[in-house]
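Ready to work through a few exercises? Keep the viewer open, try each task yourself, then check your steps against the solution.

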Amino acid sequence: MRRTKKSVLQKEQKLQKILELEKKLEEIQDIDVLLERILTETRAIVRADAGSIYEIEEDKLRIKYAQNDTQLKKLKPGEKLPYLSFSVPINQKSISGYVALSGEPVNIQDAYQISADKPFVFNKETDISTGYHTKSIYTLPLKMQSGKLLGVMQLINAQDESGKLIGFDEDAVLYITHFASSVRQALQNTYQTNLMVQRMLRMA
């Protein structure tokens, strides 16, 4: 019983933290700063080792931000993560492309054990080139309050309290879904502010 009460308390604390973050994120006026902060905070909430945000660029998804704690520790001074030039077509063949098309999240427990009946496959090339091992993946669309799709967020390798790799469980999905929903208005406001600034610069 004590363990159950502790679990409930932890869940309540995380949901409360999400509400507090929502208010802070609404104060950010720069869309780039906001997106990077959303990725950082979402990873922290579910203890994801890595993650990225893809932005829509015509008929492709291009990585805008990439974070990877394990890889970051291996970098030499001045080196950057090797993911930022990565892009994929918006189609069903990739996980992120599928999510962008369908508008629905995808939760994968093991990237190397995706069922053959799925239209998408996991691209192993980045793992091979970097020596990283991707296991669990949670990918979701990033939408504004209006419903407009801004891009796709992908969270990689959930961890338990001891750092062991696990899948994104029901609690993690709850936190991610709640957070993604709560930042829609912030995304809407910041996106519109960004468009207004760009229009003013063009006029000037």
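**Exercise 1. Find E58, then describe its surroundings and its backbone.**

Step 1: Look in the loop between β1 and β2 (60-68), where E58 lies. Bear in mind that you're looking at a predicted model.

Step 2: Check the accessibility. E58 has a relative accessible area of 76%, and the cut-off for exposed is over 50%, so E58 counts as exposed.

Step 3: Check the backbone. Most residues other than glycine have a negative phi. E58 isn't a glycine, yet its phi is positive, at about 60°.

Step 4: Put E58 in context. β1 and β2 make a hairpin with two residues between them, and E58 sits in that turn.

**Exercise 2. Work out how strand β1 is held in place by its neighbours, and whether it is mostly buried or exposed.**

Step 1: Start with β2. β1 and β2 run antiparallel and are joined by eight bridges. For one pair to click on, take A50, whose bridge partner in β2 is N68.

Step 2: Now go to β6. Strand β1 (residues 48-57) pairs with β6 over seven bridges, again in the antiparallel sense. Here Y54 stands opposite V152 of β6.

Step 3: Count the covered residues. Seven of the 10 residues of β1 are buried, so the strand is largely enclosed by the rest of the structure.

**Exercise 3. Trace the pairings of strand β6, apart from the one with β1.**

Step 1: Locate β6 at residues 149-159 and note that nine of its 11 residues are buried.

Step 2: Follow the pairing with β5. Strand β5 (residues 137-143) lies antiparallel to β6, with seven bridges between them. L142 has G151 of β6 as its bridge partner.

Step 3: Look at how the chain gets from β5 to β6. The two make a hairpin with five residues between them, and G147 in the turn has a positive phi of about 100°.

Step 4: Move on to β7. Strand β7 (residues 165-166) pairs with β6 in the antiparallel sense over two bridges. A158 is matched with I166 of β7.

Step 5: Inspect that turn too. β6 and β7 also form a hairpin with five residues between them, and G163 in the turn has a positive phi of about 95°.

**Exercise 4. Is N157 buried or exposed, and what is its phi like?**

Step 1: Find N157 in strand β6.

Step 2: Its relative accessibility is 1%. Buried means under 20%, so N157 counts as buried.

Step 3: Its phi is near 60°, a positive value in a residue other than glycine.

**Exercise 5. Go one strand further: what is on the β4 side of β5?**

Step 1: Strand β4 (residues 106-108) is joined to β5 by three bridges, and the two run antiparallel.

Step 2: Pick out N107, which stands opposite Y138 in β5.

Step 3: Check how covered β5 is. Six of its seven residues are buried.

**Exercise 6. Describe how helices α2 and α6 pack.**

Step 1: Decide what to look for. Two packed helices are described by the angle between their axes and the distance between the axes.

Step 2: Helix α2 (residues 31-46) meets helix α6 (residues 170-182) at an angle of about 155°, with the axes 9 Å apart.

Step 3: Name the arrangement. Angles over 145 degrees count as roughly antiparallel, and therefore α2 and α6 are roughly antiparallel to each other.

Step 4: Get the handedness: α2 passes α6 in a right-handed crossing.

Step 5: List who touches whom. I38, E41, T42, I45 and V46 of α2 make the contact with A172, Y175, I176 and F179 of α6.

Step 6: Sort those residues by class. You should get seven nonpolar, one polar and one charged.

**Exercise 7. Where is K23, and how far is it from K148?**

Step 1: K23 is in helix α1 (residues 2-25).

Step 2: With 61% relative accessibility, K23 counts as exposed.

Step 3: K23 and K148 are 125 residues apart along the chain, and their C-alpha atoms are separated by 21 Å.

Definitions and conventions
Residues numbered from 1 in each chain as written. Predicted model: local features only at pLDDT ≥ 70, side-chain atom pairs only at ≥ 80, totals over all residues. Heavy atoms only, no water. Buried < 20%, exposed > 50% of the residue type's maximum accessible area, 1.4 Å probe, protein only. Helix = DSSP H or I, 4+ residues; strand = E, 2+ residues; numbered from the N terminus. Pairing = 2+ DSSP bridges. Axes fitted to C-alpha atoms, helices over the stretch in contact; angles between N-to-C directions. Parallel < 35°, antiparallel > 145°, perpendicular 65-115°, else oblique. Left-handed = near helix turned anticlockwise from the far one by under 90°. Contact = heavy atoms within 4.5 Å. Nonpolar A, V, L, I, M, F, W, Y, C, P; charged D, E, K, R; others polar.
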